Amino acid sequence: MGLPALLDRQVTATFFVIAGRLGEPGSVDADGVRELRRHAMPVGSHGMWHRPWRRLTAEQATEEFHTARDRIAELTGEPVDQAACPLGRYDRAVLARLRAAGYRRVFTSDRRPARPGAWLQPRYSVRAEDTAESLRDIVFGQGMLGRARSGVVGLVKRWR
């Protein structure tokens, strides 16, 4: 986990936990979640199983949006009101379900700058194929064509 590097730099980051994978290889365990909170790192939900949230049945949506959140809140001892959409997949129905579930902020993988105070927040995920140049673009801006492409992708997802 990147916690020591964040602490060394006095930086906070929000960690989105996959509740159904707690303690599995490659995933944080219950003690790790508690450790994040001890160091004032926000913890949000990434669902129960890291499956796409589009086209979920009502039962699956309850598991992904409510049961997962409750499991994480039990570990942190406080409400969980932030979520990150698995695989960057969402649509109007997903957003409506998340609003109805009471999430205060929802993060996507739309790779564009966030807007302070917005309910729906795009975010950048660093990927294996990223290069030093692509990371510079993230930090310093993608240029007009990249910004336009990212904006269109987010618009299509929200309106489909």
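What share of the contacts in the chain with a separation of 6 or more comes from residues 24 or more positions apart? The figure is 59%. Keep that in mind as you click around this predicted model.

**Stop 1: the whole chain**

Start with a cartoon view. You should be able to pick out six helices and five strands. Walk along the sequence and they come in the pattern α-β-α-β-α-β-α-β-β-α-α. The chain has 160 residues, and buried ones make up 39% of them.

**Stop 2: Gln 10**

Select Gln 10, in the loop between helix H1 (3-8) and S1. Is Gln 10 buried or exposed? Its relative accessibility is 76%, so Gln 10 counts as exposed. Check the backbone too: phi is positive here, about 55 degrees, although Gln 10 is not a glycine. As background, most residues other than glycine have a negative phi.

**Stop 3: the largest pocket**

Now move along to strand S1, residues 15-17, and switch on a surface. S1 gives the largest share of the lining of the largest pocket, with three residues. To find the middle, select Ala 13, Thr 14, Phe 15, Phe 16 and Arg 123, which of the 20 lining residues lie nearest the centre. The volume of this pocket is about 590 Å³. Color the lining by class and you get twelve nonpolar, six polar and two charged residues.

**Stop 4: helix H2**

Next, select residues 30-38, which make up helix H2. Show the side chains of Gly 32, Val 33 and Leu 36, which are buried. Look down the axis of H2: the buried residues fall within an arc of 100 degrees, so they line one face of the helix. Turn to the other side of H2 and you meet Asp 31 and Arg 38, both exposed. What covers the buried residues of H2? The cover includes H1, S1, S2 and H3.

Both ends of H2 deserve a click. At the start, a side-chain oxygen of Asp 29 comes to within 3.3 Å of the backbone nitrogen of Asp 31. After H2 comes Ala 40, with a positive phi near 65 degrees.

**Stop 5: His 46**

Follow the chain to His 46, in the loop between strand S2 (43-45) and helix H3 (58-76). His 46 has a relative accessible area of 10%, which is under the 20% cut-off, so His 46 is buried. Which residues is His 46 in contact with, leaving aside its neighbours within four places in sequence? Select Phe 16, Val 17, Ile 18, Trp 53, Ala 84, Cys 85, Pro 86 and Arg 123 to see them. You've already met Phe 16 and Arg 123 at the pocket centre. Zoom in on Ala 84, whose backbone oxygen lies 2.7 Å from a polar side-chain atom of His 46.

**Stop 6: Leu 87**

Jump to Leu 87, in the loop between strand S3 (82-84) and H4. Leu 87 is not a glycine, yet its phi is positive, about 60 degrees. With 46% relative accessibility, Leu 87 counts as partly exposed.

**Stop 7: helix H4**

Carry on into H4, residues 92-100. Before you look along the helix, check its start: a side-chain oxygen of Asp 91 reaches to within 3.1 Å of the backbone nitrogen of Ala 93. Then select the buried residues of H4, Val 94, Leu 95 and Leu 98. They cover an arc of only 95 degrees around the axis, so they sit on the same side of H4. Flip the helix over to see Arg 99 and Ala 100, which are exposed.

Stay with Arg 99, whose relative accessible area is 53%. Draw a C-alpha to C-alpha distance from Arg 99 to Trp 119: 9.1 Å in space, for two residues 20 apart in sequence. H4 is followed by Gly 102, with a positive phi near 90 degrees.

**Stop 8: Thr 108**

Finish at Thr 108, in the loop between strand S4 (105-107) and strand S5 (120-121). Why does Thr 108 count as buried? Because its relative accessibility is 0%. Not counting residues up to four places away in sequence, Thr 108 touches Tyr 90, Leu 120, Gln 121, Pro 122 and Arg 123. Arg 123 is also on the contact list of His 46.

Note on methods. Residues are numbered from 1 along each chain as its sequence is written. This is a predicted model: local features need pLDDT of at least 70, side-chain atom pairs count only at pLDDT 80 or more; totals for chains, interfaces and linings use all residues. Side-chain values use heavy atoms; hydrogens and water are left out. Helices (H or I, at least four residues) and strands (E, at least two) are DSSP runs, numbered from the N terminus. Buried means under 20% relative accessible area, exposed over 50%, partly exposed in between (1.4 Å probe, protein chains only). A polar contact is a pair of N or O atoms within 3.5 Å; within protein, one must be able to donate a hydrogen and the other to accept it, and residues adjacent in sequence count only if both atoms are side-chain atoms. Contact means heavy atoms within 4.5 Å. The arc is that of the directions from the helix axis to the C-beta atoms. On a 1 Å grid over the protein atoms alone, a cavity is a set of points where a 1.4 Å probe fits but cannot get out, and a pocket is an open set with protein on both sides within 12 Å along at least five of seven lines; lining residues have an atom within 4 Å of a point. Grid points are joined across faces, edges and corners, and a volume is the space filled by probe spheres set on the points. Ala, Val, Leu, Ile, Met, Phe, Trp, Tyr, Cys and Pro count as nonpolar, Asp, Glu, Lys and Arg as charged, and the others, Gly among them, as polar.
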